[in-house]
Amino acid sequence: ADLIVTATGLNVKFLKGITVHIDEQVIDLSQTTSYKGTMLSRIPNLAISFGYTNASWTLKSELICQYVCRLMAYMDKHQYQTALPKEPDSDIEQMPFGECQGL
């Protein structure tokens, strides 16, 4: 194990609690949607890696890294500067980020 938490009350802050600004506007991360578990809607060119919570952490991190590398190669090939996930259709059920990890 890389980390063992032996006490209760662990309070994890997503992205260490940083404030994200785009064009001087603060982005409320709780109002974004995760795309493929790695990118957040409304935030261009940001990829994060958050592994599985009920299986090997590195397994999902590796899958995310492979996806991001393919995305960057595609962007280079087509000379794209920005990757930005779209907001999902309103008929798609949304749930908090941590709750969808086991799906």
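## Exercises on a predicted model

Ile-43 counts as buried because its relative accessibility is 5%; buried means under 20% relative accessible area, exposed over 50%, partly exposed in between (1.4 Å probe, protein chains only). The model is predicted: local features need pLDDT of at least 70, side-chain atom pairs count only at pLDDT 80 or more, and totals for chains, interfaces and linings use all residues. Residues are numbered from 1 along each chain as its sequence is written, and side-chain values use heavy atoms, with hydrogens and water left out.

**Exercise 1. Place Ile-43 and list what it touches.**

Step 1. Find the loop between S4 and H1; Ile-43 sits there. Helices (H or I, at least four residues) and strands (E, at least two) are DSSP runs, numbered from the N terminus.

Step 2. Take contact as heavy atoms within 4.5 Å. Leave out residues up to four places away in sequence. Ile-43 then touches Val-20, Ile-22, Ile-27, Leu-29, Thr-32, Ala-83, Leu-84 and Pro-85.

Step 3. Check Ile-27. It is 16 residues from Ile-43 along the chain, and their C-alpha atoms are separated by 8.2 Å.

**Exercise 2. Find which residues make up the largest nonpolar core, and which helix gives the most to it.**

Step 1. Apply the definition: a nonpolar core is a set of buried Ala, Val, Leu, Ile, Met, Phe, Trp, Tyr and Cys residues joined through side-chain atoms within 4.5 Å.

Step 2. Seven residues form the largest one: Met-39, Ile-64, Tyr-67, Val-68, Leu-71, Met-75 and Ala-83.

Step 3. Helix H1, residues 57-78, gives the most, with five residues.

Step 4. Another core, of five residues, lies apart from it; Ile-27, Leu-29, Leu-40 and Ile-43 are among them.

**Exercise 3. Sort the buried and exposed residues of H1, and say why the buried ones line one face.**

Step 1. List the buried residues of H1: Lys-60, Ser-61, Ile-64, Tyr-67, Val-68, Leu-71 and Met-75.

Step 2. Look down the axis of H1. The buried residues fall within an arc of 125°, so they line one face. The arc is that of the directions from the helix axis to the C-beta atoms.

Step 3. Turn to the other side of H1. Thr-58, Cys-69, Arg-70, Asp-76 and Lys-77 are exposed there.

Step 4. Ask what covers the buried residues of H1. The cover includes strand S3 (34-35) and strand S4 (39-40).

Step 5. Go just past H1. Gln-79 takes a positive phi of about 55°.
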